[in-house]
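Trainee: I have a structure open and some basic things to ask about it. Can we go through them one at a time?
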Amino acid sequence: MAVWFWYFIIYSFLGFCLEVAAARAAGWSKRDRKCFLLLPLCPVYGVGALLILAALPALEDMPLAVAAWSGISATAAEYVTSLFYEKALRVSFWDYSGLTWNLHGRVCLGFSLCWCVLGLVVVYLIHPLAAYAAARLPGWLFSAAGGLVAADGLITAVLLRRAGDTEVLRWYRAIPAGRNAQKEDLG
């Protein structure tokens, strides 16, 4: 049980890092990509990775099957996660309605194909290291980390539901920026 929690955390964090890197490389205006108030996590990546890994024993020796399963399962996770955010919390973190071959703006063919590639990277490159690291974390850390994630998740859900806007998670923007950051904003 604890190892699956760590996989969720690892892949949610790596997803956050990927989102930030993509946002900066593409020059998107919203460069912060987390879905929690405090923790740098994107849970859709964690859920997608867990679904991919759940089938790993049966598919590991078949890269094409891994790619196909990754695309299908992670796209399903993306659709359900988007639906949850919209219906339960009244917010939307992404909208693919402007992209070709989208389904209700929640998923699209282009990103489903990206999930296929990401699944291969996860299974064959990242997961051996993630599994090694997760297996060596002390048991007491599970309770502490689980409590932290649960508390941040609950507070985040309440704030998102009340505000109806993901901007509520950008609380740090109210902190006065340093001199270099102010110059960056002007340029």
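Trainee: How many disulfides does a search of the whole structure find?
Mentor: Zero. Keep in mind that this is a predicted model.
Trainee: Why is Cys114 not bonded to Cys108?
Mentor: The closest cysteine sulfur to that of Cys114 is in Cys108, but the two are 8.0 Å apart, which is too far for a bond. A disulfide needs the sulfur atoms within 2.5 Å.
Trainee: And what is the distance from Cys116 to the nearest cysteine sulfur?
Mentor: It is 8.9 Å, to the sulfur of Cys114, and Cys116 is in no disulfide.
Trainee: Is Cys116 buried or exposed?
Mentor: Cys116 is buried, at 18% relative accessible area. Cys114 is partly exposed, at 38%.
Trainee: Change of topic. Where does helix α5 bend?
Mentor: At Ile126, by about 60°. The helix covers residues 109-135, and Pro128 follows the bend within four residues.
Trainee: Which residues of α5 are buried?
Mentor: Among them are Trp115, Cys116, Gly119, Val123 and His127.
Trainee: What covers them?
Mentor: The cover includes helices α1 (2-26), α2 (43-54), α3 (56-59) and α4 (63-88), along with strand β2 (107-108).
Trainee: Back to His127. Why does it count as buried?
Mentor: Because its relative accessible area is 10%, and buried means under 20%.
Trainee: Which side chain does His127 join in a polar contact?
Mentor: That of Tyr11, at 2.8 Å.
Trainee: What else is His127 in contact with, beyond its neighbours in sequence?
Mentor: Leaving aside residues within four places, the contacts of His127 include Tyr7, Leu53, Leu56 and Val122, as well as Tyr11.

Definitions and conventions: Residues are numbered from 1 along each chain as its sequence is written. This is a predicted model: local features need pLDDT of at least 70, side-chain atom pairs count only at pLDDT 80 or more; totals for chains, interfaces and linings use all residues. Side-chain values use heavy atoms; hydrogens and water are left out. The bend at a residue is the angle between axes fitted to the seven residues ending there and the seven starting there. Helices (H or I, at least four residues) and strands (E, at least two) are DSSP runs, numbered from the N terminus. Buried means under 20% relative accessible area, exposed over 50%, partly exposed in between (1.4 Å probe, protein chains only). Contact means heavy atoms within 4.5 Å. A polar contact is a pair of N or O atoms within 3.5 Å; within protein, one must be able to donate a hydrogen and the other to accept it, and residues adjacent in sequence count only if both atoms are side-chain atoms.
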